[in-house]
Amino acid sequence: MQIELQKLFEIVKEGGALFTNREEAAHIKVKGLSDYVTQVDFHVQELIRTRLQQEWPGVQFMGEEKDNSDVDFTKAVWILDPVDGTTNLIHDFRQSAVSLALYDGGKPVCGVVYQPWTQELFHAVSSAGGAAGKGEAGAFLNGKPIHVSGAKTMGECLISIGTAPYEHEYADRSFELFKRIFLDCQDIRRLGSAAIDLAYVACGRTDAFFEMNLKPWDFAAGRILVEEAGGTVTDFAGNSPDFRNKGSILGSNGTIGRLLVENYFRTTLI
């Protein structure tokens, strides 16, 4: 299986161009507690699904705005979040991204995260995924190699958090954890897009990101970015995450992830 990356980038950018349609962003449907979808989400997903099907007709498609019960994860599958950061999009808070990943037989192949307002395109080609496609393995930002940070202590870290806004029952435990980490690191950030958060870990802008109960489309591409940039992505116990199901995600430069698991997650969340 060969993936022509430039064609993939064109498709993702074409989808991202729809983010600027404020009229469609104002057409909002409530899916659940603090969980929204707009016409932009639907149109981006349909555009990218159609283009992917035209270029690679044998590959399955998994998207946030569809029923994915028919997906066979033993075979190749695209995993798309058409707008990661929909609440941001609704408020014109310009931290949203298209997140697209390809997994084949359970192994990562490639991932793309595109932020239309900054025109930053992060991509990664897996060195361990077998059919890596037509592209050099590694992680890149607008074609230039990126790497996770070299931070070794909490005191030198900028850490990004996710608040699991759909599940308020976790708020007390989560905010207790945020406070403990905030008091020990340089500062914390809350961007509202897990895909961008993981991309920022991959390029060293932040040293770690974590959030409870993310869906596969939230982290599938970001995971490949972080791992190919020299970092690690685990669950809160330090184990490899299951890209097929919802789970808690910790992306880091590796060293900081181990510190968070040992000194914060195990004492606060368990």
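**Entry 1: the annotated binding site.** I looked up the UniProt record, an unreviewed entry, and found E64, D81, D84 and D218 listed under "binding site". These residues span 155 residues in sequence, yet no two of their C-alpha atoms are more than 9.5 Å apart, so I record that they gather at one spot. I note that the model is predicted.

**Entry 2: E64.** I located E64 in the loop between β3 (60–63) and β4 (77–84). I then asked whether E64 is buried or exposed. Its relative accessibility is 16%, so I count E64 as buried; the cut-off for that class is under 20%.

**Entry 3: D84.** I placed D84 in strand β4. I read a relative accessible area of 4% for D84, and I therefore enter this residue as buried. Which residues does D84 touch, leaving aside those up to four places away in sequence? I found Q95, S96 and A97, then S193, A194, A195 and I196, and also D218. D218 is one of the positions listed in the UniProt record for the binding site, as is D84.

**Entry 4: K75.** I turned next to K75, which is found in the loop between β3 and β4, and E64 lies in the loop between β3 and β4 as well. K75 has a relative accessible area of 52% and is therefore exposed, the threshold for that class being over 50%. Leaving aside residues up to four places away in sequence, I found K75 touching Q60, Y103, D104 and G105. I also checked K75 against G106: the two are 31 residues apart along the chain, and their C-alpha atoms are separated by 7.4 Å.

**Entry 5: the fold as a whole.** I counted eight helices and 14 strands in the chain. For 270 residues, a compact globule would have a radius of gyration near 18 Å; I read 17 Å for the chain, which agrees. The C-alpha trace spans about 50 × 40 × 35 Å along its principal axes. Of the contacts between residues at least 6 apart in sequence, 63% join residues at least 24 apart.

**Entry 6: burial, surface and charge.** I found that buried residues make up 56% of the 270 residues. The chain exposes about 11600 Å², and carbon and sulfur atoms supply 49% of that area. How far apart are the mean positions of the positive and negative charges? I counted 26 positive and 36 negative charges, and their mean positions are 2 Å apart.

Notes
Residues are numbered from 1 along each chain as its sequence is written. This is a predicted model: local features need pLDDT of at least 70, side-chain atom pairs count only at pLDDT 80 or more; totals for chains, interfaces and linings use all residues. Side-chain values use heavy atoms; hydrogens and water are left out. Helices (H or I, at least four residues) and strands (E, at least two) are DSSP runs, numbered from the N terminus. The radius of gyration is taken over C-alpha atoms; the globule rule is 2.2 Å times the number of residues to the power 0.38. Buried means under 20% relative accessible area, exposed over 50%, partly exposed in between (1.4 Å probe, protein chains only). Contact means heavy atoms within 4.5 Å. Accessible areas come from the Shrake-Rupley method with a 1.4 Å probe; for residues, only the protein chains shown count as cover. Lys and Arg count as positive and Asp and Glu as negative; His and the chain ends are not counted. The place of a charge is taken as NZ of Lys, CZ of Arg, CG of Asp or CD of Glu. UniProt positions are given in the numbering used here, feature names are shortened, and annotations may be inferred rather than shown by experiment.
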